Amino acid sequence: GLRILAAEQFAVRIESLRTTGEAAEARSAWQTAVAAYGEAVSLDGTLAFAREGLARSQQRAALDEALSATLNAPEELNQPGELDAARALLTRARRTPGPDARLSEQIDTLEETLRLAVIPVAVDLTSDGFTDVRLLRIESIGRFVDQRLNLLPGRYIATGARIGYRDVRVEFIVTPTGTDAPVAIRCTTRI
């Protein structure tokens, strides 16, 4: 009697995990699906639905995480290798069988983000005419009062140096619409 009861409880638990996993997949809650199928596999490694669901959910969870990370930090696309990695991620996402609404939206958003990432934007820089300005990984700009550069959207660092003054470092982000205000790079603190 106890064995029969234990077997029934086991079957109910397995069916509950199957239902949870399938429902999580249907609403694109990939981590929840991974947890449900993972628990089912740990209870009985021979369950085909659990092994297949776990593999499928792990792949989709990893893809979802990568897409979310890329879409949440578009300013990183101008860093070495990031644009190529994002393009490869887009290709991988497009090849995913049975895209759901969330994946389709992520693909559309990433396509637009990548399109905008390669269009230079006019950025205004200001200085005092005495500070030597350098835009890291781009070029030495020299001394100026007002300067306009065309930069790709992304994260940038400008440094300024002036004899007798403390060097400055200014980090700024260029969005597809530019910057909120001109970027000021001036050495003002005497040493």
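Which residues of H2 are buried? In this predicted model, they are Trp-30, Ala-33, Val-34, Ala-36, Tyr-37 and Ala-40. Helix H2 itself covers residues 30–43. With 14 residues, H2 reaches 20 Å from its first C-alpha to its last, close to the 20 Å expected at 1.5 Å a residue. The cover over the buried residues of H2 includes helix H1 (2–26) and helix H3 (48–72).

The account can be continued from the side of H1. The 25 residues of H1 should span 36 Å at 1.5 Å a residue, and the end C-alpha atoms of H1 are indeed 36 Å apart. Its buried residues are Ile-14, Leu-17, Gly-21, Ala-24 and Glu-25, and these pack against H2 and H3. An α-helix has 3.6 residues a turn, so residues three or four places apart point the same way.

Two residues of H1 illustrate its surroundings. Glu-25, a member of helix H1, has a relative accessibility of 14% and therefore counts as buried, the limit being under 20%. Leaving aside residues up to four places away in sequence, Glu-25 touches Trp-30, Ala-33, Tyr-37, Arg-56 and Ser-57. Of these contacts, Trp-30, Ala-33 and Tyr-37 are also among the buried residues of H2. Thr-20 likewise lies in helix H1, but its relative accessibility is 34%, so Thr-20 counts as partly exposed. With residues up to four places away in sequence again set aside, Thr-20 touches Thr-32 and Ala-36. Thr-20 and Ala-35 are 15 residues apart in sequence, while their C-alpha atoms are 9.4 Å apart in space.

The connection from H1 to H2 contains a backbone feature of interest. Ser-28 is placed in the loop between these two helices, and just after H1 it takes a positive phi of about 60 degrees. Most residues other than glycine have a negative phi. Ser-28 has its positive value although it is not a glycine. Is Ser-28 buried or exposed? Its relative accessible area is 13%, so Ser-28 is buried.

A second residue with such a backbone angle is found in another loop. Arg-137 lies between strand E2 (132–135) and strand E3 (139–142). Arg-137 is not a glycine either, yet its phi is positive, at about 65 degrees. Whereas Ser-28 is buried, Arg-137 is partly exposed, with a relative accessible area of 48%.

Another helix pair is formed by H4 and H5. How do the axes of helix H4 (residues 82–94) and helix H5 (residues 101–117) cross? They come within 10 Å and cross at roughly 150 degrees. Because angles over 145 degrees count as roughly antiparallel, this crossing makes H4 roughly antiparallel to H5. The crossing in which H4 passes H5 is left-handed.

The contact between these helices can be described residue by residue. From H4, the participants are Leu-83, Ala-86, Arg-87, Leu-90, Ala-93 and Arg-94. On the H5 side they meet Leu-103, Ile-107, Leu-110, Glu-111, Leu-114 and Ala-117. By character, the residues of this contact divide into nine nonpolar and three charged, with no polar ones.

Note on methods:
Residues numbered from 1 in each chain as written. Predicted model: local features only at pLDDT ≥ 70, side-chain atom pairs only at ≥ 80, totals over all residues. Heavy atoms only, no water. Axes fitted to C-alpha atoms, helices over the stretch in contact; angles between N-to-C directions. Helix = DSSP H or I, 4+ residues; strand = E, 2+ residues; numbered from the N terminus. Parallel < 35°, antiparallel > 145°, perpendicular 65-115°, else oblique. Left-handed = near helix turned anticlockwise from the far one by under 90°. Contact = heavy atoms within 4.5 Å. Nonpolar A, V, L, I, M, F, W, Y, C, P; charged D, E, K, R; others polar. Expected span 1.5 Å × (residues − 1). Buried < 20%, exposed > 50% of the residue type's maximum accessible area, 1.4 Å probe, protein only.
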